[in-house]
Amino acid sequence: MESGGVRGRELCIALLVAALACLLPFWHQSGLRCSADGSSYALSLALARDGSSSIEQTKFFTAGVDLAEVDGKPFSDRPPALGFVGVPFLWIGQQLADWSDAELLTEQFDAGTIEPFKGRLPFSDAGIRSVLFVPLLAHFLTVLALYFIARRMGCSSVAAATTALAYGIGTFSIKYAATYFTHGLAAACLTLLSWSLFELRKCERPLAARIVFAGFLLGCMPAVEYATLVLVPIILAAYFLGGGGWHFKSLRFWGLGALGCLLPVLSLATYNYRNFGSPFNVSYSFNRAFAWARLPGETFVTPSLEGLEGLLLNRLTEGLLSSSPFMFLALFGLILMRRRARPEALFITFVSGAFLILISKHRTWWGGGTTDPRYILAVLPLMCLPLGMAVDWIRKCPALLFRRVLVVSLAVLLTFSFFSNYFELRAFLFQRWLPTYTLRAGFLYWVSSIGSEGLLRLPLYGLLTAVALVPILLLLRGLQIQISGFRFYRTALAFAVLLAPISLAALHFWPQFVPAAKTGKDGLQYRPVLEISLDSSAETDAEPTK
């Protein structure tokens with residue numbers, strides 16, 4: 001049993017890590033970026049001002065793109081949970097300053113006298129600044145839960161803190177902690193649900209409140225992110241197969257869980273029935289701009305292998321493994337989890353794998369105009385969890401050979417991941433390339449621009465992959481290390497300090513190698529997408545956000 005002092009120390013570490021992860025997103029909050037977050041804000045504003053789910057007076061913020069129409073009446077096409085959660089934050093923001101005149105903006109937009117967001121991205125006012133605390137709070141809770149899950153799995157405090165911080169500032173989640181997209185809230189919901197289920201599995205007779213809370217989170221998932229509906233049976237199956245089977249025959253467990261699900265499920269069904277005519281109709285079924293989004297059979301059409309390659313590797317500027325190469329270590333950590341935390345490893349594999357396969361088939365798996373794998377953000381915290389096992393393996397193995405190499409490799413991977421995603425955050429929010437874009441992107445565009453038919457991009461791709469795989473190869477050869485937590489972080493910090501000025505200097509002197517953003521007919525700015533292919537051109541126009 002942990003003493004009060006130990007529990008207090010753990011809580012302080014977790015809160016500090018979560019606060020550090022939220023510092024940069026909070027500092028860079030800048031308003032609405034595009035029609036996707038604008039559509040969620042339009043719903044929040046309509047609910048707060050008029051008590052209506054119709055966005056007749058606030059549809060300006062959808063840019064006429066992310067919009068659902070039923071008999072000529074406009075609605076947000078986003079999942080409704082984020083819109084409802086933002087309402088109390090809007091009420092608080094109203095007490096501090098006035099909102100924008102949404103009705104006037106909408107009238108001007110309908111009359112064609114203004115174009116949405118043109119020339120003034122990002123769009124911001126007091127209301128928008130207030131709702132941006134929702135994704136920030138979701139990010140805080142996700143990082144906090146990650147730390148405690150890692151500790152529950154047996155990771156040291158150093159490994160748990162590294163895992164939580166790597167997710168918080170070393171992945172593309174940092175972008176969606178500063179913008180009003182639904183994905184950050186979905187990640188928080190699934191991470192807290194996973195934490196609750198892991199705790200329930202270890203209790204012989206869990207408290208009723210814990211079961212109800214887990215059921216509530218499970219019911220909230222489809223309302224936060226429609227695609228996570230497919231995860232509900234997979235989560236339950238993974239839970240029972242991973243050691244919670246004794247709950248399967250418990251009427252108390254099922255009854256309390258169903259009670260928790262009742263509120264969010266009925267709320268979503270009522271919202272759908274009132275606005276779209278049936279509890280089973282969702283807003284995407286009435287999307288105005290994208291006919292293919294109305295039917296799942298036309299939305300999930302991409303070959304799985306093509307989509308998986310794209311989500312993880314193909315787009316070197318923003319693929320998951322190329323922008324956050326420490327995830328290679330997380331793959332190794334998942335193997336280690338089979339011995340120390342087998343139920344959790346099973347849960348992570350089933351849930352993350354199923355969702356990755358689903359999103360890989362999405363027609364716009366690259367996230368539309370955002371050109372990143374944002375659709376998989378819901379399961380990204382679970383995918384990062386095994387990193388803690390890999391970090392502990394590095395720290396606790398007795399042999400001393402190549403210990404510096406392993407520590408330096410880990411430090412470089414984490415540092416690269418941080419700067420890669422931090423500069424992408426700035427480019428994403430402020431629509432500028434340099435000096436706020438990554439050295440990686442500049443180098444890739446420079447190489448692809450001098451290669452005939454893109455031939456030089458293939459060896460470059462192999463080189464970057466080999467560099468990312470160096471720590472894995474060393475680990476698999478059995479190289480071991482014994483190093484204290486203090487020396488570990490001292491070494492990591494030294495390399496971070498060394499790498500930072502080099503990266504910034506490179507960014508300063510290489511502006512000519514990165515193309516500027518292009519302005520589309522709708523006034524929005526689109527960035528070129530890098531294709532890794534022997535016969536494709538270096539740049540293709542990105543599609544609008546969907």
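Confidence comes first, since this is a predicted model: the protein chain averages a pLDDT of 77, and 69% of the residues score at least 70. Two stretches deserve some caution. Over residues 432-486 the pLDDT is below 50, yet this stretch still has 139 contacts in the model beyond its near neighbours in sequence. Residues 495-546 also have a pLDDT below 50, with 138 contacts beyond near neighbours in sequence. Where pLDDT is low, the predicted coordinates should not be read in detail, so take the contacts of residues 432-486 and of residues 495-546 with that in mind.

Now zoom out to the whole chain. What does the secondary structure come to? You'll count 23 helices and six strands in the protein chain. Of its 546 residues, 57% are buried. Take the contacts with a separation of 6 or more: 78% of them are between residues 24 or more positions apart in the protein chain. As for the outside, the chain exposes about 22600 Å², and carbon and sulfur atoms supply 67% of that area.

A good place to look closer is the pair of strands β1 and β2. Strand β1 covers residues 67-70 and strand β2 covers residues 73-76; the two run antiparallel and are joined by four bridges. Together they make a hairpin with two residues between the strands. One turn residue to check is D71, which has a positive phi of about 55°. Across the hairpin, A68 stands opposite F75 in β2.

F75 is also your way into the aromatic side of the story. Which residues do ring pairs link into a cluster with F75? They are F84, Y271, F276 and F286. Within that group, have a look at Y271 and F276. Why is this pair called edge-to-face? The ring centres are 6.0 Å apart and the planes sit at 75°, which is over the 60 degrees needed, so Y271 and F276 count as edge-to-face. Both rings belong to buried residues, too: Y271 counts as buried because its relative accessibility is 6%, under the 20% cut-off, and F276 counts as buried because its value is 4%.

The structure holds 23 aromatic pairs in total. Another one to pull up is formed by Y239 and F240: this pair is edge-to-face, with 5.4 Å centre to centre and 65° between the planes. Are these two residues buried or exposed? Y239 is buried, and F240 is buried as well.

Technical notes
Residues are numbered from 1 along each chain as its sequence is written. This is a predicted model: local features need pLDDT of at least 70, side-chain atom pairs count only at pLDDT 80 or more; totals for chains, interfaces and linings use all residues. Side-chain values use heavy atoms; hydrogens and water are left out. pLDDT is the predictor's confidence in each residue, from 0 to 100. Contact means heavy atoms within 4.5 Å. Buried means under 20% relative accessible area, exposed over 50%, partly exposed in between (1.4 Å probe, protein chains only). Accessible areas come from the Shrake-Rupley method with a 1.4 Å probe; for residues, only the protein chains shown count as cover. Rings of Phe, Tyr and Trp (its six-membered ring) pair if their centres lie within 6.5 Å; planes under 30 degrees apart count as stacked, over 60 as edge-to-face and the rest as tilted. Two strands pair if DSSP finds at least two bridges between them.
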